[in-house]
Amino acid sequence: MKKCIISILRAVIFLSLLVVSLYYINKMLLPKYISSNSNWPTTTTYNQFYEMEEDTVDVFFFGSSLMVNAFSPQTIYNEYGIRSYNLASEQQSTFLSYYWLKEAMRFQKPKAVIMDTMMLFDVRPWYPLNLKEPLARKCIDPMKWSEVKREAVSKICELDPSQSELGFYLTNIRFHDRWKELKEYDMDLGEVQYAELKGYSALTKRGGDSFKPFRRSDRNVRDEQMNAIMKEYLDKMTALCKENGIALILVTLPGTKMNDSRNNVLTAYAKDHGLDYYNVCEEELYNSFDFQTPGENIVNHGNIWGAMKLSRYFGKKLSEEYKVPSVKDEQYEETKEFYDYIYDVCQLSRMTDFDEYVDKLRNENFTVFISVNDNASGIKMKATFSKLKELGIEKDFSKDPRCSYVAVISPENGVSENLSENGVAQLSGSIRGHKTMYSIQSGGRRSDALSQIIIDNEQYAKDAKGINIVVYDQRLRKVVSTKNYNGKKLK
């Protein structure tokens, strides 16, 4: 009897260890999309969603990556006190939006849902879900296991027999080869929680100035229809929202293919189902925003300045027309500082004045890398060195503009610099407690002209004639600015 009990205990302990090991192996091997490695950080988006207190989110955004960069919940809260969350993801098909709406409703009682229409039409129709399998996994894998996810996985595998249900339950089967490429954030599972923008991702890319808004011809053309499966799940979303008293709002963003046929199909669907439809591609509505392009961009993937305008517009609509209440919520109050920080960091990309830019670099979170390329004699070297000296550098490269010069200014390691009159100047080392490695080189006029600023095996220097500067933000754990100064304006 005693031997039997011991055997049972051993079996229980073994099985327990096996289950725990499999759990952590699955977590580790699952691909992570976070703000430091993706413009569409779905891992952190969904992880933070599960951290929200129940019944505190009144508006949800669903759809493709266009939505991720277009709607900022923090802007909407700051302006109107409306609590929203952006659950969109890269090429999120309407099928996936439907299941994420069901998942959201397990924890929240939304009053309005704003959904992108891009994926309603054929994007990749040769795939059953209208998108590639990796992008479907990117969206569905972070969802917690419940009846909602079980239903979604079962339906995915029914529609696409090439996928295996077991591969969703044991993700190590699908991603077993990832052990060869594991990163810091794969090993430190707490790292992927780092997100405070509630699903929004801020970009800085300029554009939109060449965009021509869609002009309706009012022709009754409907030759391009919705993807059949996407329409089926739009119908399901529409019914689900009506059953629960949720206002479903359809929106088309610039960057989506738009023509009379699509516009007519969407307008008719909205009318038939009592929904509101906003076609931001349409000339009159687009022009009403008065986007100051290329600085305020909302085309393809909008930047933070374009997103602010779009978010304010819909925030006002939600407040005045849909009567979504204004509520003071600490979950949004406490992230105001982080959003302001993100905004300030984004402003670096707009700066063209050298002195103002250097002033901004005096930030306790920034590591600044400097490399001189070729002949810097076109620059007012004394004034330039004098300004950079405010960052702590000491070696006076202004005495000989043909020299090679590199510097690293780090909050944890202080200032490291190297000057060479004849050869290549270089430095290498690490920051963030040896977690981020760098190698930096400079070639002046007397050597091979070059600038290399390599951080974690990736080259970031613009490698243009003059002074090349790269800024790594230790708080955000990524490069946030790359500039070149040739004596005129920063580029």
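This passage walks through some salt bridges, a few unusual backbone spots and one helix pair in a predicted model.

Salt bridges are a handy place to start. Side chains of opposite charge can pair when their charged atoms come close. In this model, the count of such salt bridges comes to 23. One of them brings together the side chains of K111 and D58, with N and O 3.1 Å apart. This pair links distant parts of the chain, as its two members are 53 residues apart. K111 sits in the loop between helix 5 (94-107) and strand 3 (112-116), while D58 sits in the loop between helix 2 (42-51) and strand 1 (59-62). The two partners can also be described by their accessibility. D58 is buried, at a relative accessible area of just 2%, because anything under 20% falls into that class. K111, on the other hand, is partly exposed at 37%.

A second salt bridge stays within one helix. K155 pairs with E158, and the closest N and O atoms are 3.1 Å apart. Both residues belong to helix 7 (residues 147-159), where they are three residues apart, so about one helical turn separates them. K155 is partly exposed, with a relative accessible area of 21%. E158 counts as exposed at 52%, since the cut-off for that class is over 50%.

A third example is the salt bridge between E390 and R362, with an N to O distance of 2.8 Å. E390 lies in the loop between helix 18 (381-388) and strand 7 (404-410), and R362 lies in the loop between helix 17 (354-360) and strand 6 (366-374), so the bridge ties together parts that are 28 residues apart in sequence. Here E390 is partly exposed at 40%, and R362 is partly exposed as well, at 48%. Some salt bridges also share partners: in this way D58, R83, K111 and D329 are joined into one network. The K111 and D58 pair described above thus has both of its residues in that network.

Next come a few backbone details, each of them in a loop. The peptide bond that joins T293 and P294 is cis, with omega at about 5°. P294 is found in the loop between helix 13 (283-288) and helix 14 (304-320). Then there is R432, a residue other than glycine that has a positive phi, near 55°. R432 belongs to the loop between strand 9 (425-431) and strand 10 (436-444), and this residue is buried, with a relative accessible area of 12%. D456 also has a positive phi without being glycine, with a value near 50°. Its place is the loop between strand 11 (450-455) and strand 12 (458-459). At 40% relative accessibility, D456 is partly exposed.

Last up is the pairing of helix 2 with helix 5. Two packed helices are described by the angle between their axes and the distance between the axes. For helix 2 and helix 5, the axes come within 10 Å and cross at roughly 25°. The two helices are therefore roughly parallel to each other, as angles under 35 degrees count that way. On the helix 2 side, the contact is made by Y46, F49 and Y50, which meet W100, E103, A104 and F107 of helix 5. Sorted by type, the residues of this contact come out as six nonpolar, no polar and one charged.

Notes: Residues numbered from 1 in each chain as written. Predicted model: local features only at pLDDT ≥ 70, side-chain atom pairs only at ≥ 80, totals over all residues. Heavy atoms only, no water. Salt bridge = Lys/Arg side-chain N within 4 Å of Asp/Glu carboxyl O. Helix = DSSP H or I, 4+ residues; strand = E, 2+ residues; numbered from the N terminus. Buried < 20%, exposed > 50% of the residue type's maximum accessible area, 1.4 Å probe, protein only. Axes fitted to C-alpha atoms, helices over the stretch in contact; angles between N-to-C directions. Parallel < 35°, antiparallel > 145°, perpendicular 65-115°, else oblique. Contact = heavy atoms within 4.5 Å. Nonpolar A, V, L, I, M, F, W, Y, C, P; charged D, E, K, R; others polar.
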